[in-house]
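Let's take a stroll through this model together, one question at a time. Have the sequence and the 3D view open as you read.

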Amino acid sequence: MINKIEVNWKGQMLFESVAPEGSVMIDADEKVGGQGKGLRPKAMMLTALAGCTAMDVASLLKKMRAEVDDFKVEVEANLTDEHPKYYDKVKVTYHFFGSDFKKDKIEKSVNLSVERYCGVMEMFRKFSEVTTEIKYIEQ
């Protein structure tokens, strides 16, 4: 299967990335001519990682009937100092909010995403050391 996007210049350092499913604005830091009107390309990579695994987990939690009140995924990444700069270490933290957690099912959902389903996670493993953590917040 071939995926295709198009990136259109909107002036200065602002671009619109268009895919069949929608569009997103990309912009550079103001220090290098950006206007702060979009995500930076590397932030989009982290967003793709968080979004991919979050969607897997949401789907798996529903299938396993392991409801939570809410959850979020945080991604922290270390950017190398030398050009071309890339993320060499990435930490993905899953925060689950609620009470009476079905921890075995939640952990199974996360592990299935990390080890089997999330293609973006697999791509990151090609150039980064990826670690994960699960946190439970009782409400």
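Q: Which relative accessible areas count as buried, exposed or partly exposed?
A: Buried means under 20% relative accessible area and exposed means over 50%. Whatever falls in between goes by the name partly exposed.

Q: Is Arg125 buried, exposed or partly exposed?
A: Keep in mind that this is a predicted model. Arg125 has a relative accessible area of 32%. Since buried means under 20% and exposed means over 50%, that value makes Arg125 partly exposed.

Q: Which residue forms a salt bridge with Arg125, the closest N and O atoms being 2.8 Å apart?
A: Look in helix H3, residues 119-125, for a residue 3 places from Arg125, because that spacing amounts to about one helical turn. The partner is itself partly exposed, at 37% relative accessible area. It is Glu122.

Q: Which residues are joined into one network by salt bridges that share partners?
A: Start from the pair just met, Arg125 and Glu122, with N and O 2.8 Å apart. Shared partners bring in Lys126 too, so to speak, and the network reads Glu122, Arg125 and Lys126.

Q: How many salt bridges does the structure hold?
A: One of them links Lys72 and Glu74, with the closest N and O atoms 3.6 Å apart. Another is between the side chains of Glu16 and Lys10, at 3.5 Å from N to O. The total for the structure is 5.

Q: Glu16 and Lys10 meet in a salt bridge, but which of them counts as buried?
A: Lys10 has a relative accessible area of 47%, which means partly exposed. The cut-off for buried is under 20%, and its partner has 19% relative accessibility. The buried one is therefore Glu16.

Q: What is the order of the strands in the open sheet with antiparallel pairing?
A: Strand S1 (residues 6-9) and S2 are joined by 4 antiparallel bridges. S2 in turn pairs with strand S3 (residues 22-26) over 5 bridges, again antiparallel. S1 and S3 each have a single partner strand, so they stand at the edges. That gives the order S1-S2-S3.

Q: Which residue takes a positive phi in the hairpin of S1 and S2?
A: This hairpin has 5 residues between its strands, while the one joining S2 to S3 goes through 2 residues. The phi in question is near 105 degrees, and it belongs to Gly11.

Q: Which residue in S3 stands opposite Glu16?
A: Glu16 has a neighbour on the S1 side too, since Asn8 stands opposite Glu16 in S2. Elsewhere along the S2 and S3 pair, Ala19 stands opposite Gly22. Across from Glu16 in S3 is Met25.

Q: Is Ser17 buried or exposed?
A: Ser17 sits in strand S2, residues 15-19. Beyond its close sequence neighbours, Ser17 is in contact with several residues, including Ile5, Val7, Val24 and Ile26. Its relative accessible area is 11%, so Ser17 is buried.

Q: Which are the edge strands of the sheet with mixed pairing?
A: This open sheet has 3 strands in the order S4-S5-S6. An edge strand pairs on one side only, and here those are strand S4 (70-79) and strand S6 (129-138).

Q: Which residue in S5 stands opposite Ala77?
A: S4 and strand S5 (residues 87-98) run antiparallel and are joined by 10 bridges. Opposite Ala77, in S5, stands Val90.

Q: Which strands does helix H2 touch?
A: Helix H1 lies across S4 and S5, at about 150 degrees to S4. Helix H2 (residues 103-117) packs on the sheet as well, and its direction makes about 155 degrees with that of S6. The strands that H2 touches are S5 and S6.

Q: What is the relative accessible area of Thr93?
A: Thr93 is found in strand S5. Its contacts away from its sequence neighbours are Lys72, Val73, Glu74, Glu133 and Lys135. Thr93 is buried because its relative accessible area is 7%.

Q: What is the accessible area of the nonpolar patch that Met45, Tyr86 and Phe127 form?
A: Met45 belongs to helix H1, residues 41-63, and counts as partly exposed because its relative accessibility is 34%. Taken together, the three named residues have an accessible area of about 260 Å².

Conventions. Residues are numbered from 1 along each chain as its sequence is written. This is a predicted model: local features need pLDDT of at least 70, side-chain atom pairs count only at pLDDT 80 or more; totals for chains, interfaces and linings use all residues. Side-chain values use heavy atoms; hydrogens and water are left out. Patches are made of residues with over 30% relative accessible area and no salt bridge: like charges are joined within 9 Å, nonpolar side chains (Val, Leu, Ile, Met, Phe, Trp, Tyr) within 5 Å. Accessible areas come from the Shrake-Rupley method with a 1.4 Å probe; for residues, only the protein chains shown count as cover. A salt bridge is a side-chain nitrogen of Lys or Arg within 4 Å of a carboxyl oxygen of Asp or Glu. Buried means under 20% relative accessible area, exposed over 50%, partly exposed in between (1.4 Å probe, protein chains only). Two strands pair if DSSP finds at least two bridges between them. Contact means heavy atoms within 4.5 Å. Axes are lines fitted to C-alpha atoms, for helices over the stretch in contact, and angles run from 0 to 180 degrees between N-to-C directions. Lists of a residue's contacts leave out its neighbours within four places in sequence.
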